[in-house]
Amino acid sequence: MSAVRTDYHVHTTLCHHAVGDPIEYLQAAQRAGLTEIGFADHNPMPEQFDAWRMSIQDLPRYLEMIEEVRSNGFPVRLGLECDFIEGYESWIETLAGKAPWDYLIGSVHYIAPGWDVDNPKYLARFREHPVEEIWALYWKHYVRCIESGLYDFVAHPDLAKKFGYRPDGDLRRYYQPAIESLARRNVAFEINTAGLRKDAEEIYPALEFIQLAREAGVAMLINSDAHAPEEVAYKFDLARDLARQAGYSKVCRFEKRRRIEIDL
């Protein structure tokens, strides 16, 4: 049997900042030699929250879109990228019961009310606040995201570096608490190639994070965070090299919220 190759972090136009139909993403996955694709658009909130996620009214359409693309016979997984925002934990539990999800991804974008750390609109804040303060806030929320126990794996661990701002010194001081939580809660993380397409010019997360995670026995998978069909499986060869360099020989796949480890 040929190797299983997956990309489980793929968006749809319902989030208002992606392009292309699901079938185009599926065809891109086939061209890239993948054996499964998984859609995981940004979760709806109970009321209008921001401009970059589906509305709760769109959720039935999202489920229909995935069902339609599944009719092509290529394995398609159903997921959701769920923001961890304190106070909304019970809403994520509600969403978890609304469909037969294959996985729920936990992610942190908001580090303070009204401040999504990866939004270019707030780029000036990186010059107004010490970058150490921003990173400390981000990682504090990231640990809480993991500790919530709501998610099957977590997304783009060091997203706070998106615009190229990093604190001085050894950044493992930020990574370690998150890795301890991942190991304790038995939650996987993704190696996300989208950082190569951003100002950070580096995969999320950094090699040091991946090495520490491997040492702690934390499971991982490789995703593209595609918002356009041509981004499916983007630079996966580099991500696999990085994973192997860190000592990984296994990656995860998911089905009905069950994690299955397969050969890298």
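Is Phe49 buried, partly exposed or exposed, and what is its relative accessibility? In this predicted model, Phe49 has 30% relative accessibility and so counts as partly exposed. The legends below walk through its ring partner and some other aromatic contacts.

**View 1. Tyr25 and Phe39 form one of the 21 aromatic pairs in the structure.** The ring centres of Tyr25 and Phe39 are 6.1 Å apart and their planes meet at 75°, so this is an edge-to-face pair. Tyr25 belongs to helix α1 (residues 22-31) and Phe39 to strand β2 (residues 36-42), so the contact ties together parts that lie 14 residues apart in sequence. Both Tyr25 and Phe39 are buried.

**View 2. Phe49 meets Tyr110 edge-to-face.** Here the distance is 5.4 Å from centre to centre, with 85° between the planes. This pair links distant parts of the chain: Phe49 sits in the loop between β2 and α2 (59-70), while Tyr110 is in strand β5 (residues 110-112), 61 residues apart. Phe49 is partly exposed at 30%; Tyr110, with a relative accessible area of 10%, is buried.

**View 3. Nine residues are shown here as one aromatic cluster.** Its tryptophans are Trp135 and Trp139. Joining them are Tyr138, Tyr142, Tyr174, Tyr175 and Tyr248, together with Phe189 and Phe209.

**View 4. Arg53 places its charged end over the ring of Trp52.** The distance to the centre of the Trp52 ring is 4.6 Å.

**View 5. Arg125 lies over the face of Trp115.** Look for Arg125 at 5.1 Å from the centre of the Trp115 ring.

Notes: Residues numbered from 1 in each chain as written. Predicted model: local features only at pLDDT ≥ 70, side-chain atom pairs only at ≥ 80, totals over all residues. Heavy atoms only, no water. Phe/Tyr/Trp six-rings, centres within 6.5 Å; stacked < 30°, edge-to-face > 60°. Helix = DSSP H or I, 4+ residues; strand = E, 2+ residues; numbered from the N terminus. Buried < 20%, exposed > 50% of the residue type's maximum accessible area, 1.4 Å probe, protein only. Lys NZ or Arg CZ within 6 Å of the ring centre and 35° of its normal.
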